[in-house]
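Please look through the sequence and the model below. The paragraphs after it deal with the enclosed spaces and the cysteines around them.

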Amino acid sequence: MAKTYQDFPGVEWVESPGDHIKIDTEKCDGCANCVRVCLAKCFKISGKKAVVDNLDMCMECGACWYVCAPDAIIFSWPPGGTGFRTQWG
Ligand code: SF4
Ligand code: SF4
């Protein structure tokens, strides 16, 4: 069975508020770079455009934003952040 963050004591998952990443569909060219780079599988392609599927596991790494050449990812850095928080800092 696959391990999850819940298997690691001292690690807390900070969930996304659900709206810190949006897609500008006018700018999106459907290249799917965001889909390929996102380890949390937050995006999917629908109708030749990227859509946010689920931000629950977003680590706020910024990789999607970095690889989006048309600048179609609208990233609002959420207060308190998302992703992993550990007791070791
Ligand atoms: S990387 Fe940008 S342009 Fe490419 S599919 Fe994702 S949002 Fe659209
Ligand atoms: S910030 Fe990172 S984890 Fe979050 S959607 Fe973008 S690539 Fe995925």
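**Ligand 2 and the cavities**

Ligand 2 has 13 residues around it, and the nearest are C38, C58, C61, G62 and C64. The model is a predicted one, and the values that follow are computed from it. By class, the shell around ligand 2 consists of 11 nonpolar residues, one polar and one charged.

Where does ligand 2 sit? The space that ligand 2 takes up is the second largest cavity. The volume of this second largest cavity is about 90 Å³. Its lining is made up of 15 residues, and I21, C38, C58, C61 and C64 are the closest to the centre. Sorted by class, the lining of the second largest cavity has 13 nonpolar residues, one polar and one charged.

C64 is named both among the residues nearest ligand 2 and among those closest to the centre of the second largest cavity. Is C64 buried or exposed? C64 counts as buried because its relative accessible area is 8%, and the cut-off for buried is under 20%.

The count of cavities of 30 Å³ or more is two. The largest cavity has a volume of about 110 Å³. Its lining comprises 16 residues, with C28, C31, C34, A50 and C68 lying nearest the centre. Two elements, α1 (33-37) and α2 (63-67), each give two or more residues to this lining. The lining of the largest cavity divides by class into 13 nonpolar, two polar and one charged residues. C68, one of the residues nearest the centre of the largest cavity, has a relative accessibility of 15% and therefore counts as buried.

Cysteines recur in both linings: C28, C31, C34 and C68 are among the residues nearest the centre of the largest cavity, while C38, C58, C61 and C64 are among those closest to the centre of the second largest. How many disulfides does a search of the whole structure find? The search finds zero disulfides. A disulfide is a covalent bond that joins the sulfur atoms of two cysteines. The search requires a pair of cysteine sulfur atoms within 2.5 Å, so a result of zero means that no pair in the model meets that cut-off.

A further cysteine, C42, is located in the loop between α1 and β3 (43-46). C42 is buried, because its relative accessibility is 2%. I21, one of the residues closest to the centre of the second largest cavity, is 21 residues from C42 along the chain, and the C-alpha atoms of C42 and I21 are 9.7 Å apart.

Conventions
Residues are numbered from 1 along each chain as its sequence is written. Chains are lettered from A and ligands numbered from 1 in the order in which they are written. This is a predicted model: local features need pLDDT of at least 70, side-chain atom pairs count only at pLDDT 80 or more; totals for chains, interfaces and linings use all residues. Side-chain values use heavy atoms; hydrogens and water are left out. On a 1 Å grid over the protein atoms alone, a cavity is a set of points where a 1.4 Å probe fits but cannot get out, and a pocket is an open set with protein on both sides within 12 Å along at least five of seven lines; lining residues have an atom within 4 Å of a point. Grid points are joined across faces, edges and corners, and a volume is the space filled by probe spheres set on the points. Helices (H or I, at least four residues) and strands (E, at least two) are DSSP runs, numbered from the N terminus. Ala, Val, Leu, Ile, Met, Phe, Trp, Tyr, Cys and Pro count as nonpolar, Asp, Glu, Lys and Arg as charged, and the others, Gly among them, as polar. Buried means under 20% relative accessible area, exposed over 50%, partly exposed in between (1.4 Å probe, protein chains only). A residue is near a molecule or strand if one of its heavy atoms lies within 4 Å of it. A molecule sits in a cavity or pocket if more than half of its atoms lie within 2 Å of its grid points.
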